[in-house]
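Me: Please take a close look at the side-chain contacts of chain A, aromatic rings and charged groups alike. I would like the geometry along with the cut-offs behind each term.

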Amino acid sequence: MTSLSDTGEFIAKKYEPKGPVVLDCQINNIYYGNFRAVRDSHVPIEKNKVTGFIGPSGCGKSTVLRSMNRMNDLIESFRFDGSIQYHSNDIYGKKVDPVVVRRYIGMVFQLPNPFSMSIYDNVAFGLRLNGFKGDEEEMVVQALKRAAIWDDVKDKLKNSGLSLSGGQQQRLCIARAIATEPDVLLMDEPCSALDPIATRQVEELMVELKEHYSVALVTHNMQQATRVADVTAFLGVDISQGGRTGYLVEMDDTQKIFEDPQQLLTQQYVRGEFS
Amino acid sequence: MSEITQQLPPVVEFPSLEKDSFDIRAIKNSTLTLMVWGIAIMASIPLFSVIFMLISEGGSRIDIEALTEIPPAGFETGGGFGNAIIGTFVMVGIASLISIPFGIMAALHLAILDPNSKLTTISRFLAKVLTGFPSILAGVFVYAVIVITTGTYSAWAGGVALAVLMLPTVTLAAEEAMRQVPQRMKDAAYGMGCTRTQVIMQVVLPTGLPGILTGVILAVAGAAGESAPLLFTALFSNYYMAELAEPTASLSILIYNFSGMPFDNQIELAWAASLVLVVLVLFFNILARVVGRSKFKE
C-alpha cells in the first residue's frame with residue numbers, strides 16, 4: 001500500500017478492461033485557461049457496463065465525463081490534451097464535428113432539464129433532429145417504456161414536460177436521451193436532485209439500461225456506485241502544484257475498489273474518512 | 001423534627017398567543033397597511049377617471065358613422081375618423097414589419113450569440129438610451145432622412161418613425177425573454193447533438209416566445225398611441241389613403257387637430273377617437289398579458 005498517491009508524480013496503475021471497450025479515454029491533461037483541471041487519467045468505458053466515477057468535490061469527475069461527448073467545447077477556455085477512441089476514431093480528431101459526436105454519445109444532466117414542450121415532443125425531439133424516418137410514435141413509446149416512465153405518463157403525453165415531478169422529469173430526460181439509440185449514455189450525478197424513492201427508480205433503470213447501452217456515471221454517492229456500477233474509477237485531487245488538479249487514483253471492478261482497494265487514498269475515501 | 005420542605009412544582013406562565021391590537025407593532029402594522037391601500041387607490045384614480053371621462057364624453061358619438069366616415073370640414077355635422085383608424089393600423093403595421101425582425105435578430109445577438117463582447121455591451125447600452133429617446137426627435141430625424149429626400153409626407157415615413165421608437169423596446173424585451181431560457185435547457189439541446197442554429201430555432205425561440213410576444217405587443221401598443229413622431233412624418237389627411245406615399249391620417253394626430261378646433265362636432269369626434277385609441281391600447285395590453293402566459297408551465 002502506498003501513500004504516494006496524493007503527490008504530483010503519481011500515475012494510476014492501468015486498468016485492464018475485461019470486455020470490449022466502447023470509449024477508450026486517455027486523458028493527459030484538461031485545462032480551463034491556465035488551470036489544469038485533470039491530469040493523467042486513463043479511463044476506458046466498457047460496452048454494456050456501468051462505469052462509475054467517484055471522488056471528492058472538485059476532482060474533475062464531471063469534467064472528465066463532459067469531455068466524453070465534447071460538451072466542454074462550449075466553454076471557451078477549455079483545452080483537451082489526449083485522445084478518446086470511439087470505434088477507432090478519436091472524437092477529438094481534427095475532422096470530427098462535436099455536434100455529430102453528441103448524437104452518438106448522449107447525456108443526462110445533474111438537474112432534470114426537460115424542454116418546455118409536451119412530454120411526447122420532448123422524447124421526439126432528438127428523433128426529429130436527426131430526420132428520423134419511421135414510426136416516430138413507436139420509438140417514443142419504446143423510449144418511455146425503457147426509461148420506466150411509460151405508466152406515469154401514458155395518459156398525458158400532451159401535458160408539459162415541466163409539469164412532472166423531479167424524479168419523473170429525470171426519467172423523461174433519460175427517455176429523451178435514449179430515444180435516438182445512442183451508443184453511450186453519460187450520466188452526470190443524475191440522482192443528486194432527486195428524493196430517495198426517485199433515486200432508487202433511476203438506479204434500477206441504470207442497471208436495466210446497460211443491457212442496451214454503455215453507461216458512464218458520475219456520482220457523489222458511494223452507495224450508489226456499489227449498487228449500480230460494474231467498474232469504478234476513483235479520482236483524487238492533487239494540490240501539490242498549487243491548483244486543484246484531479247487525477248485517476250485507482251480504477252477496478254467496483255467490488256475490488258470498495259473491498260480491497262490498493263491505494264491508501266482510495267481506502268480512506270471509501271471508508272468515508274474524507275469526502 | 002425533621003424539616004419537610006414541600007417542593008411545589010414551579011408555576012409556568014405560558015405567554016398569551018392572542019392578538020393584542022394595542023401592541024405597538026400591531027398598531028404600526030395596521031397603519032402601514034392602511035397607508036399602502038390608500039396610496040394604491042389614489043394612484044389608480046387618474047386612470048379610472050380618464051377612462052370614465054372618455055366614456056362619458058366620447059361614448060355617445062361612437063357609432064358606425066364615426067368609425068367609417070371621413071372627417072367633417074368646418075361647420076359640417078356628422079362625419080367620422082375611419083381614415084385615421086386605417087392610417088394608424090397601416091403605420092403601426094409598417095413599423096412592426098421593420099422593427100420586429102430587426103429587434104428579434106438584434107436580441108439574438110445580444111442574448112445568445114455574443115452576450116459579453118464589447119460591441120454587445122455598447123449596443124445594449126444604446127438600446128436602453130433609445131428607449132428614453134424623446135419621440136419628437138424620432139419624428140424630426142425621419143423628417144430629415146425620408147420626408148425631405150422623398151419630398152412628401154407619407155405613411156412610409158410615419159411607419160419608419162414609429163419603428164425607430166419600437167425597435168429598442170422590442171430588442172430589450174426579446175433579449176430579456178431569451179435570457180430567461182435556462183442554460184440547462186440549452187445544455188440539453190447541445191447534449192442531444194443540436195447545432196447552435198437548432199438550439200436557437202427549436203429551444204431558445206419557442207421557449208422565449210411568450211416573453212418575446214409580450215414585448216412586441218407592448219411596443220405596438222406604445223406606437224399606436226404616439227403622436228409626436230407622426231406630426232413631422234405622416235402629417236394628416238382628410239381622406240382615406242390611396243397609397244403609402246402620401247400624407248396619412250392617424251388617430252393621435254386627429255385628436256390633436258380636432259381638440260383645438262372651435263367646433264363642437266369636431267371636439268366630440270376628438271373625444272370619440274380618444275376612446276377608440278385607449279380601447280385599442282388597452283386591448284393590446286391585455287393581449288400581451290394573455291400571450292405572456294407560457295403554454296408549458298411547471
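Reply: Happy to: ring contacts come first, then charges over rings, then salt bridges.
This is a predicted model, in which local features need pLDDT of at least 70 and side-chain atom pairs count only at pLDDT 80 or more, while totals for chains, interfaces and linings use all residues. Residues are numbered from 1 along each chain as its sequence is written, chains are lettered from A and ligands numbered from 1 in the order in which they are written, and side-chain values use heavy atoms, leaving out hydrogens and water.

Over all chains there are nine aromatic pairs (rings of Phe, Tyr and Trp, the last by its six-membered ring, with centres within 6.5 Å; planes under 30 degrees apart are stacked, over 60 edge-to-face, the rest tilted). One of them joins A:F80 and A:Y92, and it counts as stacked because the ring centres are 3.9 Å apart and the planes meet at 10°. A:F80 belongs to strand β4 (residues 78-86) of chain A, whereas A:Y92 sits in the loop between β5 (89-90) and α2 (98-104), so the contact ties together parts twelve residues apart in sequence (helices, H or I of at least four residues, and strands, E of at least two, are DSSP runs numbered from the N terminus). Both A:F80 and A:Y92 are buried (under 20% relative accessible area; exposed is over 50% and partly exposed in between, with a 1.4 Å probe and protein chains only).

Rings also meet charges here. A:R39 lies over the face of A:Y247, 4.6 Å from the ring centre, and A:R176 does likewise over A:F115, at 4.5 Å (NZ of Lys or CZ of Arg within 6 Å of the ring centre and within 35 degrees of the ring normal).

Salt bridges number 19 over all chains (a side-chain nitrogen of Lys or Arg within 4 Å of a carboxyl oxygen of Asp or Glu). A:K18 and A:D253 form one of them, at 3.8 Å from N to O. This pair spans 235 residues, from the segment before β1 (21-32) to strand β10 (residues 245-253) of chain A. A:K18 is exposed at 55% relative accessibility, while A:D253 is partly exposed at 26%.

A:K49 bridges to A:E46, with the closest N and O atoms 3.1 Å apart. Here A:K49 is partly exposed at 21%, but A:E46 is buried at 1%.

A:E181 and A:R146 form another salt bridge, at 3.2 Å between the closest N and O atoms. A:E181 lies in the loop between α6 (166-179) and β7 (184-188), and A:R146 in helix α4 (residues 136-146), 35 residues apart. A:E181 is partly exposed at 40%.

Finally, salt bridges with shared partners join A:R39, A:D40 and A:D238 into one network; A:R39 is also the residue over the face of A:Y247.
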